[in-house]
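I opened this notebook to record what I looked up on aromatic contacts and disulfide links. The entries follow the sequence and structure shown here.

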Amino acid sequence: MGLAWLPMRQMVVLVVVLGLVSSHYTMHDYNVIAQTTQRATSADCNDYPQLMSYHIHVMFWPKDPTSVASALSLRNDFITRFEIFNMNCTINPGDPAPNKEDMCVFPIDWDQGLTPFPTAQFSFFIPPEHHMEATTYILQHRGEHDVYIHPNSGCEIYDHLRWGVWAGRTWPLDVSILDCHYPGCVPDH
């Protein structure tokens with residue numbers, strides 16, 4: 001049981017945890033998938049495109065001071081843990097950014113309707129080489145907060161509704177604002 005065994009154990013634990021917290025579709029999600037199949041099913045999206053990066057989203061209640069304080073504390077702890085001070089994301093949130101090598105912090109979304117999420121949330125851009133460590137950290141430190149982790153391929157609806165996973169409660173997503181539907185797509189907004 002040397003140290004070489006630990007990374008494999010951590011990977012197995014993460015796979016089990018992600019399997020347990022995997023997102024469950026709601027009827028709304030199935031309807032959106034059905035409605036967007038024609039625009040989102042260029043053969044490329046259905047052919048399992050490369051997952052170029054990831055986002056970690058943390059939900060919180062913007063009118064509850066305890067929820068806000070806890071969320072901001074978690075956000076600051078993540079920033080400190082990964083030393084991403086002053087690493088604000090300058091990329092479009094929908095950009096898979098395959099050549100971006102550093103994690104970055106998106107602005108806090110206080111206003112519902114600007115993202116697919118129905119409540120306030122904050123998020124991080126995670127390159128593939130940091131995915132395991134960042135995901136492990138947020139899952140172990142999320143506390144009361146619901147966390148959503150999804151890949152970025154350019155196929156935004158699939159990234160959010162088929163390939164994303166929840167830790168905690170599953171929230172409905174309004175994917176009608178997503179407009180990229182092919183691998184590598186970067187939205188205009």
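**Entry 1: ring cluster.** I find Phe60, Phe78, Phe82, Trp110, Phe122, Phe124 and Tyr137 linked into a cluster by ring pairs. I count rings of Phe, Tyr and Trp (its six-membered ring) as paired if their centres lie within 6.5 Å; planes under 30 degrees apart are stacked, over 60 edge-to-face, and the rest tilted. I note that this is a predicted model, in which local features need pLDDT of at least 70 and side-chain atom pairs count only at pLDDT 80 or more, while totals for chains, interfaces and linings use all residues. Residues are numbered from 1 along each chain as its sequence is written, and side-chain values use heavy atoms, with hydrogens and water left out.

**Entry 2: ring pairs.** I searched the whole structure and obtained 11 aromatic pairs. The pair of Phe122 and Phe124 is edge-to-face, because the ring centres are 5.6 Å apart and the planes stand at 80°. I then asked whether Phe122 is buried or exposed. Phe122 has a relative accessible area of 0% and is therefore buried (buried means under 20% relative accessible area, exposed over 50%, partly exposed in between, with a 1.4 Å probe and protein chains only). Phe124 is also buried, with a relative accessible area of 0%.

I next examined Tyr158 and Trp163, whose ring centres are 5.6 Å apart with planes at 90°, so I enter this pair as edge-to-face. Tyr158 counts as buried at 3% relative accessibility, whereas Trp163, at 23%, counts as partly exposed.

**Entry 3: charges over rings.** Which charged end sits over the ring of Tyr158? I find that of Arg162, 4.2 Å from the ring centre. The criterion is that NZ of Lys or CZ of Arg is within 6 Å of the ring centre and within 35 degrees of the ring normal. In the ring cluster, Phe82 has Arg81 over its face, at 4.6 Å from the ring centre.

**Entry 4: disulfides.** How many disulfides does a search of the whole structure find? I obtained three, a disulfide being a pair of cysteine sulfur atoms within 2.5 Å. With bonded cysteines counted along the chain, the pattern is 1-4, 2-3, 5-6.

**Entry 5: Cys45 and Cys155.** The sulfur atoms of this disulfide are 2.0 Å apart, and the link is left-handed, with -95° about the S-S bond. I note that the pair links distant parts of the chain, 110 residues apart: Cys45 is in helix α3 (residues 43-46), and Cys155 is in the loop between β4 (147-152) and α6 (156-161). Helices (H or I, at least four residues) and strands (E, at least two) are DSSP runs, numbered from the N terminus. Both Cys45 and Cys155 are buried.

**Entry 6: Cys89 and Cys104.** I find these two joined by a disulfide with an S to S distance of 2.0 Å. The link is right-handed, with 100° about the S-S bond. Cys89 lies in the loop between α4 (65-81) and β2 (104-105), and Cys104 in strand β2, 15 residues apart. Cys89 counts as buried at 12% relative accessibility, and Cys104 counts as buried at 1%.

**Entry 7: Cys180 and Cys185.** I record 2.1 Å between the sulfur atoms of this disulfide. With -65° about the S-S bond, the link is left-handed. Cys180 is buried at a relative accessible area of 1%, and Cys185 is buried at 5%.
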